[in-house]
Amino acid sequence: MEKQRIDKFISNQIGISRSKARTGIKMGKASVNGFTQKDFSYQINPEIDRINYDGNEVLYEKFVYIMLNKPSGVISASTDGKHKTVLDLVSGDLRGRNLSVVGRLDKDTTGLIIITDDGDFAHKCISPKSEIEKSYIAELDGDIKASLIEEFKEGIVLADGYKCKPAILEDLKERKVRIIITEGKYHQIKRMFGVAGLGVNRLHRERIGGLRLPDNLSVGESVKLNKTEIKSIF
Ligand code: URA
C-alpha cells in the first residue's frame with residue numbers, strides 16, 4: 001500500500017475538508033501510533049499505521065459502496081451544471097471521495113442506484129458480460145397484450161433494429177408490470193414498450209442482482225452497503 005499524506009487520509013476517511021483536517025492536525029488533534037503529529041504533510045501507511053483524530057480512531061476503508069433511493073427529478077450523473085445530481089444526496093462525510101454512479105437511471109426514474117469510488121466494481125456491474133438482472137416496476141399508459149410477454153422473452157427488436165436480450169415481463173394488472181432485463185441501453189425499457197405502442201408513465205428500479213431496495217430506505221436517502229450486500233449483486 002502506498003503511503004499518503006495524513007491530511008488527505010483524515011479528510012477522505014472521516015469526510016471533512018482538507019483545510020479543516022489541516023487546521024485540526026496543526027492544533028494537535030491527530031496522532032500516529034500513539035504520538036501526536038502536527039505536520040499535516042506527514043506520510044502514513046493506512047494499512048499499517050494507527051491514526052487517531054479528535055479522540056477517535058480513523059478506520060481505513062479503501063472503497064465505499066452506497067445504495068440510494070433515487071427520487072424523480074434528480075440526474076444520475078456525477079456532475080451537472082444545472083440540475084441536482086444523485087451525488088448531491090450522498091452524506092457530506094463521503095463527498096471527499098472520488099465517487100461515481102454505477103449505470104444510469106433517467107431523470108424521472110426512481111429507485112435503486114449504486115454509487116462507489118471502486119472503478120473495477122463499477123465496471124463489473126455495468127459490463128454486459130456480467131448479465132446482472134435489473135428489476136423494474138413500470139406503470140404504463142395502456143394494457144399489455146399477453147403476446148408481449150412472449151415477445152420480450154424472445155428478445156424484442158427496438159425501432160433502431162437492436163434486438164434486446166431476453167427479458168421477463170410480468171403483468172401486475174391495472175397497467176402495472178414488472179420487467180427484468182440484463183442489459184442497460186439508453187432509455188431501454190421506455191423504448192421496449194414504445195415498440196408495443198405503450199408509454200411508460202412511471203418507472204422504478206427495485207432490484208440489481210440480489211440487492212433489493214429496502215422498504216425502509218426513504219426516497220432521497222442513502223446507506224452504505226455491507227460486504228454481504230455487495231456480494232449479492234453478482
Ligand atoms: N430504462 C429506461 O427507459 N429508463 C431507465 O431509467 C432505466 C431503464
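Me: Where does the ligand sit?

Reply: Happy to help! This is a predicted model, and in it the ligand sits in the largest pocket.

Me: Which residues are around the ligand?

Reply: A residue counts as near a molecule if one of its heavy atoms lies within 4 Å of it. Here that gives Leu105, Asp106, Thr109, Tyr136, His187, Gln188, Ile189, Lys190 and Leu203. By type, this shell divides into 4 nonpolar, 3 polar and 2 charged residues.

Me: Which parts of the protein does the shell around the ligand come from?

Reply: Helix α5, residues 188-195, gives the largest share, with 3 residues. In terms of domains, at least three shell residues come from domain 2 (65-128 + 213-232), and at least three from domain 3 (133-208).

Me: Which polar atoms lie close to an oxygen atom of the ligand, within 3.5 Å?

Reply: Start with Thr109, where a polar side-chain atom is 2.8 Å from a ligand oxygen. For Lys190 the partner is a polar backbone atom, 3.1 Å from an oxygen of the ligand. Gln188 also offers a polar backbone atom, at 3.5 Å from a ligand oxygen.

Me: How much of the ligand does the protein bury?

Reply: Taken alone, the ligand exposes 240 Å², and the protein buries 96% of that.

How values were computed
Residues numbered from 1 in each chain as written. Predicted model: local features only at pLDDT ≥ 70, side-chain atom pairs only at ≥ 80, totals over all residues. Heavy atoms only, no water. Polar contact = N/O pair within 3.5 Å; in protein donor to acceptor, adjacent residues only side chain to side chain. Areas by Shrake-Rupley, 256 points an atom, 1.4 Å probe, with all protein chains shown as cover. 1 Å grid on protein atoms, 1.4 Å probe; cavity = no way out; pocket = protein on both sides within 12 Å on 5 of 7 lines; lining within 4 Å. Sits in = over half its atoms within 2 Å of the grid points. Helix = DSSP H or I, 4+ residues; strand = E, 2+ residues; numbered from the N terminus. Nonpolar A, V, L, I, M, F, W, Y, C, P; charged D, E, K, R; others polar. Domains from an automatic or database assignment.
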